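Visitor: Hi, I have a few quick questions about this protein before I head back to the bench. Could you put it up on the screen?
Guide: Happy to, here it comes.

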Amino acid sequence: MMVAGIGCKKGVGEREVMEALASALSAHGLGLTALDAIATAAAKRAEPAIGEAARRLGLPLHIIQDDALQAASDGCLTASGHSLAISGLPSLSEAAALASIGAGARLLGPRTVHGNVTCALATSDGVFPSPLVGENGSARSDETDEGSFAAQITPHPASPSPGSGSATFSHKGRRYGDKSEPRP
């Protein structure tokens, strides 16, 4: 499994996010198809460019809560004064990538900076979170999240319980990393 953690300044465009993803992956000899998910902090949830990039790539977008980011921050390779001042994290993008995967996650290297976007890549052999379920236990398909962009939501595995505010945005509720189901 490979997750790209994204940090950015307010108001960045989708193109800048896509270029940051491509640049970070290229630095490791990888292409966009190597990604299984994109992750960012709850504080960046309102940045449409991150969700638009995930949707364009057909990838789930993991929204990571502050407690999970803080727990993962010990694994960060980069310490940014700006990030520390704004989020209290040495690197938002690195912490998001690590927290998204959870136990066994490791960064491929320090985050990269592309304009106003930072991107960190984390990997693991873990299995992607379980399929999405709606409020009544049925699979979710076309629901939206507060009108920001089309998404499906389920609690992130790093959250202690449903309703804690952490969410995973997923493409058609599929499990990635499961050998029996191909990626889209």
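Guide: Let's settle a term before we start: a salt bridge here is a side-chain nitrogen of Lys or Arg within 4 Å of a carboxyl oxygen of Asp or Glu. Please also keep in mind that this is a predicted model.

Visitor: Good to know. How many salt bridges does the search of the whole structure find?
Guide: The search turns up two. In one of them, the side chains of Arg 56 and Glu 14 come together at 2.7 Å, N to O. That pair ties distant parts of the chain to each other, with Arg 56 in helix α2 (residues 48-57) and Glu 14 in helix α1 (residues 14-26), 42 residues apart.

Visitor: Is Arg 56 buried or exposed?
Guide: Arg 56 counts as exposed because its relative accessibility is 58%, and the cut-off for exposed is over 50%.

Visitor: And which side chains form the other bridge?
Guide: Those of Arg 15 and Glu 19, at 2.9 Å, N to O. Both residues sit in helix α1, four residues apart, which is about one turn of the helix.

Visitor: Why does a spacing of three or four places suit a helix?
Guide: An α-helix has 3.6 residues a turn, so residues three or four places apart point the same way.

Visitor: How open are those two residues?
Guide: Arg 15 is exposed, at 64% relative accessibility, whereas Glu 19 is partly exposed, at 31% relative accessible area.

Visitor: Let's go back to α2. Which of its residues are buried?
Guide: Ala 49, Ile 50, Gly 51, Ala 53 and Ala 54. Gly 51 has a relative accessible area of 2%, and its C-alpha atom is 6.6 Å from that of Leu 61, 10 residues apart along the chain.

Visitor: What follows α2?
Guide: Gly 58 does, and its phi is positive, near 70 degrees. There is also a glycine after α5, Gly 102, with a positive phi near 90 degrees.

Visitor: Since you mention α5, is it mostly covered or open?
Guide: It is mostly covered: 10 of its 10 residues are buried. Among them are Leu 92, Glu 94, Ser 100 and Ile 101.

Visitor: New topic: pockets. What is the volume of the largest one?
Guide: About 480 Å³. It is lined by 24 residues, and the closest to its centre are Cys 8, Lys 44, His 82, Ser 83 and Leu 92.

Visitor: Which elements give two or more residues to that lining?
Guide: They are β1 (2-8), α3 (66-72), α4 (81-87), α5 (92-101) and β6 (117-123). The most comes from α4, with four residues.

Visitor: What's the mix of residue classes in the lining?
Guide: The lining of the largest pocket has nine nonpolar, 10 polar and five charged residues.

Visitor: Last one: what does the chain look like overall?
Guide: It has five helices and 10 strands. Of the 184 residues in the chain, 48% are buried. The chain exposes about 8700 Å², with carbon and sulfur atoms supplying 50% of that area.

Visitor: And how much of the contact count comes from residues 24 or more positions apart?
Guide: Such residues account for 59% of the contacts in the chain that have a separation of 6 or more.

Visitor: Lovely, thanks!
Guide: Any time, and good luck at the bench.

Terms used:
Residues numbered from 1 in each chain as written. Predicted model: local features only at pLDDT ≥ 70, side-chain atom pairs only at ≥ 80, totals over all residues. Heavy atoms only, no water. Buried < 20%, exposed > 50% of the residue type's maximum accessible area, 1.4 Å probe, protein only. Contact = heavy atoms within 4.5 Å. Areas by Shrake-Rupley, 256 points an atom, 1.4 Å probe, with all protein chains shown as cover. 1 Å grid on protein atoms, 1.4 Å probe; cavity = no way out; pocket = protein on both sides within 12 Å on 5 of 7 lines; lining within 4 Å. Points joined across faces, edges and corners; volume = space filled by probe spheres on them. Nonpolar A, V, L, I, M, F, W, Y, C, P; charged D, E, K, R; others polar.
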